[in-house]
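Let's take a walk through this structure together, one piece at a time. Keep the picture beside you as you read.

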Amino acid sequence: MNAKVITNFQLGSRESSSAPDVLPLATEHALQSAGAAFHALADTMPQMVWSTLPDGSHDYYNARWYEFTGVPVGSTDGEGWAGMFHEDDQADAWKKWNHSLATGEPYEVEYRLRHHSGDYRWMIGRALPILNEQGEIQRWIGTCTDIDEQKRTVLQNEILSQELSHRIKNIFAIVSGLISLTARANEAFGEASRDLLGRISALGRAHEFVRPHSEKSQPEGKEVTLATLLATIFETYPAFSEGRTAISGPDIAVESRAATPVALVFHELATNAMKYGALSNPEGRISLDLSTEDEMVRFRWREHGAYIDKASEPQTGFGSRLIELAVKQQLGGNYERTWHDDGVELVMDVRKSRLQEPS
């Protein structure tokens, strides 16, 4: 059955926006048969099915609609359907429906629909336009699908994730407190404790950035990308606010699994730059360039304005081993470090899939 025939059948009415005033008997019989067949098919579906005229005025609902809502037949024709939606969802539903009517684009929206018991259940509403051979909209056919259980499951998972994240945040605070207490009791542990606290603080900032958020706790304007994650790591360093640490290149999405190794690597680099490198003097600066090639992401960390004594070989300490562990094992990449006259350069290539792999 082609589009023109489908758009011209009658759905429970004797009028059609595209039908002539007087139809030949055979044509009218064919339209009525098509309408009856559509009604029978729609009534066997588990979903609610509806249709509208080209202007969006509803003129048909299947049996599932009336069974679910409990409203009298015909009471939601025209624009009466909107009153069945939850008050908080009506504005969005109207906005999207009017957009589809104006553009002919498919309609899709989630909303809460009132059950005959008085409770509301989440639905996903979809509709497609049916066109004639000239591309003109003859009718809209839509469905309402119950997704209440899925929505409740998602909400429950979000609550659990936020609770778990809150507990992890508390663990960071407890561990930091224990380290500080130990350092006060043991002066020899002082310098090591400061380094350890810095790493824990970097992890805490990374976790706070990528953890599941509610609408109220979501950082405004902060999407989970490499540039924004790195800015979160660097924001506690004065050189960043002074404009001496610049990040350039394409912004790349990053998942929470990669946040920990990325945070550790660049915390180590920034800390070393403050102690021994470019940021140890007020004129020094750092550039961090991001680039992509095929399935790899390249980080180029370059320090300028440091004083490097080429006569002394730089020592490989715990921080270097930590970077190697993070880059090679957790991010599936490699790195190369070069010492120039005015500062260190580290080029790190990691797999994009590791950065974007979900937890």
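In this predicted model, W50 has Y61 of β2 as its bridge partner. That pair belongs to the antiparallel pairing of β1 and β2, which is made over three bridges. The two strands form a hairpin with five residues between them. If you follow the turn, you will meet G56, whose phi is positive at about 95°.

From the hairpin, move along to helix α4, which covers residues 87-103. Its 17 residues reach 25 Å from the first C-alpha to the last, close to the 24 Å expected at 1.5 Å a residue. Which residues of α4 are buried? They are D89, A93, W97 and S100. Seen down the axis of α4, these buried residues fall within an arc of 60°, so they line one face of the helix. The spacing has a simple background: an α-helix has 3.6 residues a turn, so residues three or four places apart point the same way. The face turned away from the buried side of α4 carries the exposed residues A91, K95 and A102.

What do the buried residues of α4 pack against? Their partners are β1 and β2, the strands of the hairpin, together with β3 (107-114), β4 (120-131) and β5 (137-146). Just after α4 comes G104, which has a positive phi, near 80°.

Now turn to another part of the chain, where five strands form an open sheet. Their order is β6-β7-β8-β10-β9, and the pairing is mixed. At the edges stand β6 (245-248) and β9 (334-340), each with a single partner strand, so one side of each is left without a neighbour in the sheet. From one strand to the next, the twist averages 10°.

Within this sheet, β7 and β8 run antiparallel and are joined by nine bridges. One residue of β8 to look for is F299, the bridge partner of L290. Two helices also meet these strands. Helix α7 lies across β6, β7 and β8, and runs at about 170° to β6. Helix α9 packs on the sheet and touches β7, β8 and β10, with its direction making about 10° with that of β8.

Stay with α9 for a moment. At 1.5 Å a residue, its 20 residues should span 28 Å, and its end C-alpha atoms are 29 Å apart, which agrees. Of those 20 residues, 14 are buried, so α9 is largely enclosed by the rest of the structure.

In soluble globular proteins, nonpolar side chains tend to be buried together. Here the largest nonpolar core has 34 residues, and the members that touch the most others are L226, F234, F266, F299 and W301. Two or more residues each come from α7, α9, β7, β8, α10 (318-330) and β10. The largest share, nine residues, is given by α9. Not counting residues up to four places away in sequence, F299 touches L226, F266, L288, D289, L290, L346, V347, M348 and V350. Apart from this core lies another, of 21 residues, including M48, Y61, M84 and V109. Y61 brings us back to the hairpin, where it is the partner of W50.

Finally, step back to the whole chain. How many helices and strands does it have? There are eleven helices and ten strands. Buried residues make up 38% of its 359 residues. Among contacts with a separation of 6 or more, 57% join residues 24 or more positions apart.

Definitions and conventions
Residues numbered from 1 in each chain as written. Predicted model: local features only at pLDDT ≥ 70, side-chain atom pairs only at ≥ 80, totals over all residues. Heavy atoms only, no water. Helix = DSSP H or I, 4+ residues; strand = E, 2+ residues; numbered from the N terminus. Expected span 1.5 Å × (residues − 1). Buried < 20%, exposed > 50% of the residue type's maximum accessible area, 1.4 Å probe, protein only. Arc of directions from axis to C-beta. Contact = heavy atoms within 4.5 Å. Core = buried A, V, L, I, M, F, W, Y, C linked by side-chain atoms within 4.5 Å. Pairing = 2+ DSSP bridges. Axes fitted to C-alpha atoms, helices over the stretch in contact; angles between N-to-C directions.
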